[in-house]
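Here is a short briefing to read alongside the structure. Take a look at the fold first, and then we can walk through the sheets, the cores and a few individual residues.

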Amino acid sequence: MSQKPKPSHGLAACPGCAEPLDSGDRFCGACGYDLSAVPAAGIGPDRPTVAIGTPVNWPDAPPREPGSLSTMTQHPGDLPGTDSGGHDLPADGTAPAPAATGDFELAAPDPRAAVRVDDPVPVPGAAPAPVSARGQAQQAPAPVSAQAQAQQAPAPGSAPAPAPGAAHGDGLCVACRAGRVDTDGYCENCGHAQPRERDHMERELGGVAAVSDRGLRHHRNEDAFAVSATTLPDGSPATLAVVCDGVSSATRPDEASAAAAEAAGAALCAALPRGTHPQQAMHEAIVAASEAVNSLAEKAADGEPHRNAPACTIVGSVVADGLLVVGWIGDSRAYWVPDDRTAPAARLTEDDSWAAQMVAAGLMNEAEAYADERAHAITGWLGADAYELDPHTVAFKPDRSGVVVVCTDGLWNYAEGPEDMARVVPADAADRPLHGARVLVGHALDGGGHDNITVALVPFAVPPQGAGSA
């Protein structure tokens, strides 16, 4: 599709009132905001945007071969990086110095992107649970059996949307246990809305696990995930997790997130075993996810994709041979939580959102920005109506063991800061990732469950001393 022209001042929407802007505007026509006061933020290449403790010159991702997936054989252990304190790793393989405390330093997001509104965080006293089309309140999702979970998703570890009522093997209503469940997901006897399989999904594969739940306020689960384990060409293990959050204001957001998670998971499982660098593989997985979501868009009469095309965010993590790679677009996040809780936790991603733009531009502090009703307006997403595809990737070499928390805002709304997330992640999460993911989903439900909740836990173990790349 043709891209919309970007305004010269670098903003698609007014920072004061979110009114759309045109190229050349010096003041907002709606509220009079002085656009010349907004500092411009540069656009970097596809490379890491965060550093721990002190700034780090991260390496660029290996170049992508146009028109095809990369066939590079660069070993992931060869990628330079830093330890958990932001210090350069010694070349002789000796143990790094103890990690210094400190938070991530986050690069400013691109303020030129468009803005799309996802569901904001409801304030206390928000409306009760939604009411179904048949006039009955939606019930809390019921647990799904392992047999039912095993029936879904052709891609390894992915979690697409099954048909309503598919979670009930006997076809009987979970409420009256007498009526049969119709194809629309309602009981023919009492009219009770049945929990769907996608309302609650769990999966554990190769030491990585994920849990997704509809939450307490939404009528359906618009999140999706993919988790899997594979091997590199030298036989060493690699684990991966992808989490996607459908944009509620778009059409068919549940289909968008399912398509993106499936495509990204499949792309990573195909690229890593053939030797593609994990950072390059993550970039290509996000590209594949974008293409899958774009294919869902309906064409308008003029041949252009529908302006409210299916859309979602994406965040993924790969752990391979002592290397941790994270990639994302949107406001789904990844956190690093070390096993040693005396060491600092950290957020590995920076939101593509209105709130992040305001903080980066110096117009608001973080507390003010995220308290604003526009905080969850996202400026980056996967979808046919996105301005451009600009994946973010991060490469990181921790000097200690821990776990990567990959999640949607349905979780981080209730544990936003790295220290908050570290407090709610169980101490044994690296050894019991499925249990840990269940605990985190429960934390969000206990906090109100205002949004869909999806979390994947990817354990990271420091390679034994003396082990290295071939």
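How many bridges join strand β5 (residues 208–213) to β16? Five bridges join them, and the two strands run antiparallel. Please keep in mind that this is a predicted model. Its protein chain holds eight helices and 16 strands, and 54% of its 470 residues count as buried. Of the chain's contacts between residues at least 6 apart in sequence, 68% join residues at least 24 apart.

**The six-stranded sheet**

- Six strands make an open sheet with antiparallel pairing, in the order β4-β5-β16-β15-β10-β11.
- Its edge strands are β4 (200–205) and β11 (346–347), each of which pairs on one side only.
- Helix α8 (residues 433–446) packs on this sheet and touches β4, β5, β15 and β16. The direction of α8 makes about 145° with that of β16.
- Where β5 meets β16, Val211 stands opposite Val455.
- Val455 of β16 also has a partner in β15, where Cys407 stands opposite Val455.

**Strand β15, inside that sheet**

- Strand β15 (residues 402–407) pairs in the antiparallel sense with β16 (residues 453–460) over six bridges.
- Another six bridges join β15 to strand β10 (residues 333–338), and this pair also runs antiparallel. Here Pro338 stands opposite Gly402 in β15.
- Six of the six residues of β15 are buried, so the strand is largely enclosed by the rest of the structure.
- Gly402, Val404 and Val406 point one way from β15, while Val403, Val405 and Cys407 point the other way. Residues on both faces are buried.

**Strands β6, β7 and β8**

- Strand β6 (residues 223–231) and β7 run antiparallel and are joined by nine bridges. One pairing to look for is Ala226 with its bridge partner Val242 in β7.
- The hairpin of β6 and β7 has five residues between the strands, and Gly235 in this hairpin takes a positive phi near 90°.
- β7 also pairs with strand β8 (residues 311–320), in the antiparallel sense and over nine bridges. In this pairing, Ala241 has Ser317 of β8 as its bridge partner.
- Why is β7 (residues 237–246) described as largely enclosed by the rest of the structure? Nine of its 10 residues are buried, so the description follows.

**Helix α2 and the nonpolar cores**

- Helix α2 (residues 253–271) has 19 residues and spans 27 Å from its first C-alpha to its last, close to the 27 Å expected at 1.5 Å a residue.
- Because 15 of the 19 residues of α2 are buried, this helix is largely enclosed by the rest of the structure.
- The largest nonpolar core has 36 residues, of which Leu268, Ile314, Val318 and Leu382 touch the most other members.
- Elements that each supply at least two residues of this core are β6, β7, α2, α3 (278–294), β8 and β9 (323–329). The largest share, 11 residues, comes from α2.
- Apart from this core lies another, of 32 residues, among them Val211, Ala369, Val455 and Leu457.
- Returning to Ile314, and leaving aside neighbours within four places in sequence, its contacts include Val242, Val243 and Cys244, as well as Ala264, Ile286, Ala289 and Leu382. Gly327, Trp328 and Ile329 are also in contact with Ile314.

**Ala369 and Asp372**

- Ala369 lies in helix α5 and counts as buried, at 0% relative accessibility.
- Not counting residues up to four places away in sequence, Ala369 touches Trp354, Ala355, Met358, Val359, Met364 and Ala375.
- Trp354 is 15 residues from Ala369 along the chain, and their C-alpha atoms are separated by 8.1 Å.
- Asp372 is found in the loop between α5 (366–371) and β12 (377–378).
- Is Asp372 buried or exposed? Asp372 has a relative accessible area of 19%, so this residue is buried, the cut-off being under 20%.
- The side chain of Asp372 reaches the backbone nitrogen of Arg374 at 2.7 Å.
- Beyond its neighbours within four places in sequence, Asp372 is in contact with Trp354 and Met364.

Key:
Residues are numbered from 1 along each chain as its sequence is written. This is a predicted model: local features need pLDDT of at least 70, side-chain atom pairs count only at pLDDT 80 or more; totals for chains, interfaces and linings use all residues. Side-chain values use heavy atoms; hydrogens and water are left out. Helices (H or I, at least four residues) and strands (E, at least two) are DSSP runs, numbered from the N terminus. Buried means under 20% relative accessible area, exposed over 50%, partly exposed in between (1.4 Å probe, protein chains only). A polar contact is a pair of N or O atoms within 3.5 Å; within protein, one must be able to donate a hydrogen and the other to accept it, and residues adjacent in sequence count only if both atoms are side-chain atoms. Contact means heavy atoms within 4.5 Å. Two strands pair if DSSP finds at least two bridges between them. The expected span of a helix is 1.5 Å times one less than its number of residues. Axes are lines fitted to C-alpha atoms, for helices over the stretch in contact, and angles run from 0 to 180 degrees between N-to-C directions. A nonpolar core is a set of buried Ala, Val, Leu, Ile, Met, Phe, Trp, Tyr and Cys residues joined through side-chain atoms within 4.5 Å.
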